Amino acid sequence: MTFLSHLGQQDGLIIGAGCSLAQVKDILAERVSELPEEKTQTYRALLKQLKSLAGQQIRNMAWLNKIQEEQEGNWLSAVWSPEPQHSHMGSGHLGGSAGCRRAPLELTPQPPVPWPSLRRPRLLVTLSLQEDLKQSLGGHIISRHCYSDLNPILAVGNTTLNLISVEGARQMPLNERFLAGLASADLKPEEILESVYVPHSHAWEFVSAFRQAQCQQNALADVNAGMRVLLKEGTGTIEDLSISYGGAGAVMVSAQKSCQRLIGRPWDELMLEEACRLLLEEVSLPGWAPGGKVEFKRTLVVSFFFKFYLEVLQELKKLAKFMPDSHHYPEIPDGFLSALEDFPITGPQGVQRYQSVDSHQSLQDPVGRPIVHLSGLKHATGEAIFCDDIPTMDRELFMVLVTSTRAHAKIISIDSSEALELPGVVDVITAEDIPGTNGAEDDKLMAVDEVLCVGHIICAVVAETNVQAKSAIEKIKITYEDIEPVIFTINDAIKHNSFLCPEKKLEQGNIEEAFEKVDQIVEGEVHVGGQEHFYMETQRVLVIPKAEDKELDIYVSTQDPSHVQKTVSSTLSIPINRITCHVKRVGGGFGGKVGRPAVFGAIAAVGAIKTGRPIRLVLDREDDMLITGGRHPLFGKYKVGFMNNGRIKALDIECFINGGCMLDDSEQVTEFLILKLENAYKIRNLRFRGRACMTNLPSNTAFRGFGFPQGTLITESCITAVAAKCGLLPEKIREKNMYKTVDKTIYKQAFSPETLIRCWNECLDKSSFHSRRMQVEEFNKKNYWKKKGIAIVPMKFSVGFAATSYHQAAALVHIYTDGSVLVTHGGNELGQGIHTKMLQVASRELKIPMSSMHICETSTATVPNTIATAASIGSDVNGRAVQNACQILLKRLEPIIKKNPEGTWEDWIEAAFEQRISLSATGYFRGYKAFMDWEKGEGDPFPYYVYGAACSEIEIDCLTGAHKKIRTDIIMDAGCSLNPAIDIGQVEGSFIQGMGLYTTEELKYSPEGVLYSRGPDEYKIPTITDIPEEFNVSLLPSSQTPLTIYSSKGLGESGMFLGSSVFFAITDAVAAARRERDIAEDFTVKSPATPEWIRMACADRFTEMIPRDDLRTFKPWSIPIA
Ligand SMILES: Cc1cc2nc3c(=O)[nH]c(=O)nc-3n(C[C@H](O)[C@H](O)[C@H](O)COP(=O)(O)OP(=O)(O)OC[C@H]3O[C@@H](n4cnc5c(N)ncnc54)[C@H](O)[C@@H]3O)c2cc1C
């Protein structure tokens, strides 16, 4: 392993290729602090990119404790150091080492390792998901990824690569030829990059970096750029110019011709116009370019240059102050200055508020107290055991699923012969191996004759190892014959009359008559994209066949073990009582583990029965995303009639959800969507219609909020459309039309909106909404390229299933002779803290501390016939069942306690045992009688409502489409919270998940129906830097709910929708930009409001100058399915 010594370069910096990116950042920061500003332009530009490149965790991988050289088992131990190594730096320009990526100072220099034995070191310490990530400067440069954030700057900064091999050393420029991967500018096979020489910049030279990604961190750039200009001293004339773009093609693109043509031009508006024209000509992206977002990328090409233009102008102005006779540079309007500022990367902070418990409540009673999630620490340390942490069983086999590559086709043949010959392959399981039923007629476990989507399960390979099974699936030859029609989009489904179930409709008043009497009518469309569950733990199951009586033990990650049990029973044609499903905990479900785990459980069980061996089936992220479906994308049309004062008199909404190829939960999702569409508003004349489209995409399914987060976006969009037409603020329209007194919903269920109003008023108050609205307007008046937006949304969310059978639960509580208590109930621990809450209930009822109690798992053997843990009612119903069991036990103990009131719990239990009193009890809760008559459009489908309100403020960059979340305030009505720490966690988590739905999470499908976005690189869930800078959550002081345990409310899902406050704050800012630019404010609402959408909605001279494509002339890279 070599270490570079100082090379004595005075006009630049040499950085060892082995430096981690975190080290590079420190090295550059040090140089920047030491050298005059004019010399560090390139270093500053690199530093700017290093702030957002990947994420802090990924960049910091370099500082982990130990590394292993894979070559010959040669170990290097490196001492962890939180400080960067400085001693190599000196005045000499060396910052690190070649080859050894993360060798801090204390490491004894090793003898050089000859290439090619120098290989990727492997981290011994696993940090979150990025086990094998190291990110050295050398690896980064040599990879020449088209998205590289550093290469464009290194290229414009005239960087030289110092290469070495056994033959000797040589230099090569890091230029466009190298970055384009030309053979003549490539490393020789025996060469390695030893170090990188980055020269200092000079006076009158300016270097800048630009980057725009789906979110600020942990996302590859859509487009990035490095730009450098050298101006003739004291004038504004261009002497030299280089511009490189990443993301704008298959390789990095250097705009050499444009730059050449601009040399000699003064740095002024005319040059800017010409530069934009030239750049768009040279950096040309075809409409079908992979990755899509073509018009956005074209716009960024020129928007970035405009930013550079302004930046340089600003620097020139500063210089001119010291040179009175210098050239006169164009003025920068004050309103343009904010275009120069980037959004800082900040960590969130905030306040959580909740009511304290009654001072008379016994100290031992944990109900209402913020008890820490019982597995919280174990989750953080990795000690919590999930399904796939169960050690390998004796003779265990691994199963991998084979899925369709066609969207709609007949299966002509399946040839497994080659796969079966591979080492380790034991069997291929097909539908023919199923002893019982192959799922439902319209929802088969494994396709038989026909596949309905890409990702449709056809068969499964079982092998001794995961790797063997994975390689075998490549060898299975399936021949297909395509079938017409192939439908992916909602539009096409409507055209082909392709629906999964009949239309659902609710109506009140006389809508047609009302439209005739209103002052104004607006019609519009809303498109809401789907959402991937992205649970941390993908779908997985371990099926263990027992030797006797066809018994099976199934360990499965599910929200509904009884459903898995039932499905396995019918698939294998054995009674339910032979099958036991165990759920210790689930690493996130969000609705995605209600129905689908039964499919995986059943297929694995077929394999287990056929082979007689335990089968483990663990979906990797890519397969999970491909196969399982998610939230239904939605397309809605609305017509809203209103008076000029903003009073809405009539609202007609028709919506369609993309259900995918099978019914699954699509009918219920449509029903819930229609039932909940009115949200918090009293509108006398309403018509809501909804249909689930059948398309050739994987079946969509339950997802937190179950239609509410998508549907209500239409309702709230109507509000903003009305506000725009009336010239009033959206909050005024919301307030005017909100339920105010005891009333009935569109389905005639009576309710009181008192709590809703309280939430709304508190949210206005706690967020200082009105004064901040004024500040936002002030800001917007002063800034042209940055706009702020603020929005407050109210929420009325109904919890529970609209089916009576779901409102029941059971529990089993054992007291052992040492006094310890084992609680079992029908709910599953999904990370939402249900077990913690259940022990709080048991602790209050039995009057003993939680520490004497334990919940081991959810098992169909202890509590049978459970309902899915879903619809926000898990704690409500199971809490009542646990309470019932505990009360039965306490009643039995009463005579003993009476006899010995001074005794201890242990004394009483011992006595009870002696007296032959049963210390085990089943509790049962027969809950709400839900009812809905769709013919009449009436019912009492929901036990109660959760109310809330959220206010969010954001700022957008109109030139790039980026946004920052300044502040969010949420007021949520939790009733009398069982556990405010857990409830606030649920509110925060669901809000952030909602924010992801409405801002960054974007599923992309090919024109052939193949899901592209199958991992975290393509699909962006929010990360820490996406959380609002200030994030305050308050639980409304006690409101009562007689139907639930201790008057608490279920908060699992409702917060999702409150994420839309960020969406409406964004559209508020976009509307402000459009008003200023004199463009119509009634733009089509499209969720998620990605940077692409924001940028293109803020139309301006740059969006106007880009070439537009005629979509009929080429096949696009991706298709919109909503
Ligand atoms: C999760 C994640 C997020 C990322 N986000 C971003 C981002 O936002 N922006 C961005 O620009 N990049 C991003 N990257 C890319 C990252 O910065 C690295 O460039 C890339 O992962 C290469 O990784 P590495 O340094 O481990 O190189 P390796 O994978 O180790 O090496 C890459 C190639 O270079 C060769 N190589 C390595 N060192 C030398 C050397 N000294 N001489 C000759 N050949 C060498 C290797 O043999 C290999 O062929 C991300 C990567 C990951 C995994």
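**Exercise 1. Where is the place of Leu 1011?**

Work out its spot in the chain, then its burial.

*Solution.* This is a predicted model, so keep that in mind throughout. Step one: Leu 1011 falls in the loop between helix H26 (980-999) and strand S40 (1030-1035). Step two: check the cover. Leu 1011 has 5% relative accessibility, so it counts as buried, given that buried means under 20%. Step three: pick a partner to compare. Leu 1011 and Gly 382 sit 629 residues apart in sequence, and their C-alpha atoms are 31 Å apart in space.

**Exercise 2. Classify the ring pair of Phe 708 and Phe 1057, and place both residues.**

*Solution.* Start with the tally: there are 31 aromatic pairs in the structure. For Phe 708 and Phe 1057, the ring centres are 5.1 Å apart and the planes meet at 65°, so call the pair edge-to-face. The cut-off you need here is that planes over 60 degrees apart count as edge-to-face.

Next, find the two in the chain. Phe 708 belongs to helix H19 (residues 708-726) and Phe 1057 to helix H27 (residues 1055-1058), so this pair links distant parts of the chain, 349 residues apart. Now the cover: Phe 708 is buried at 1% relative accessible area, and Phe 1057 is buried at 0%.

Try the same steps on Phe 1063 and Phe 1064. Their centres are 5.2 Å apart with 85° between the planes, which makes the pair edge-to-face. Phe 1063 is buried at 0% relative accessibility, and Phe 1064 is buried at 3%.

One more thing to look up while you're on rings: an aromatic cluster whose members include Phe 210, Trp 267, Tyr 309, Tyr 784, Trp 785 and Phe 1102.

**Exercise 3. Take three salt bridges and say which parts of the chain each one joins.**

*Solution.* The structure has 64 salt bridges, so let's just walk through a few.

- Lys 504 and Glu 667 meet at 3.1 Å, N to O. Lys 504 is in strand S19 (residues 504-508) and Glu 667 in helix H18 (residues 666-676), so the bridge ties together parts 163 residues apart in sequence. Lys 504 is buried at 10% relative accessible area, whereas Glu 667 is partly exposed at 23%.
- Lys 796 and Glu 678 meet at 2.8 Å, N to O. Lys 796 lies in strand S30 (residues 786-798), while Glu 678 is in the loop between H18 and strand S27 (685-693), so parts 118 residues apart in sequence are tied together. Lys 796 is buried, at 4%, and Glu 678 is buried too, at 2%.
- Glu 953 and Arg 772 meet at 2.9 Å, N to O. Glu 953 is in strand S38 (residues 945-957) and Arg 772 in helix H22 (residues 769-782), 181 residues apart. Glu 953 is buried at 8% relative accessibility, and Arg 772 is buried at 6%.

To finish, look for shared partners: salt bridges join Lys 505, Glu 507, Glu 512, Asp 652, Arg 687 and Arg 689 into one network.

**Exercise 4. Which residues form a negative surface patch, and is Glu 914 buried or exposed?**

*Solution.* First, list the members: Asp 818, Glu 906, Asp 907, Glu 910 and Glu 914. Second, place Glu 914, which lies in helix H25 (residues 905-914). Third, test its cover: Glu 914 has 59% relative accessibility, so it counts as exposed, the cut-off for exposed being over 50%.

How values were computed. Residues are numbered from 1 along each chain as its sequence is written. This is a predicted model: local features need pLDDT of at least 70, side-chain atom pairs count only at pLDDT 80 or more; totals for chains, interfaces and linings use all residues. Side-chain values use heavy atoms; hydrogens and water are left out. Patches are made of residues with over 30% relative accessible area and no salt bridge: like charges are joined within 9 Å, nonpolar side chains (Val, Leu, Ile, Met, Phe, Trp, Tyr) within 5 Å. Accessible areas come from the Shrake-Rupley method with a 1.4 Å probe; for residues, only the protein chains shown count as cover. A salt bridge is a side-chain nitrogen of Lys or Arg within 4 Å of a carboxyl oxygen of Asp or Glu. Lys and Arg count as positive and Asp and Glu as negative; His and the chain ends are not counted. The place of a charge is taken as NZ of Lys, CZ of Arg, CG of Asp or CD of Glu. Helices (H or I, at least four residues) and strands (E, at least two) are DSSP runs, numbered from the N terminus. Buried means under 20% relative accessible area, exposed over 50%, partly exposed in between (1.4 Å probe, protein chains only). Rings of Phe, Tyr and Trp (its six-membered ring) pair if their centres lie within 6.5 Å; planes under 30 degrees apart count as stacked, over 60 as edge-to-face and the rest as tilted.
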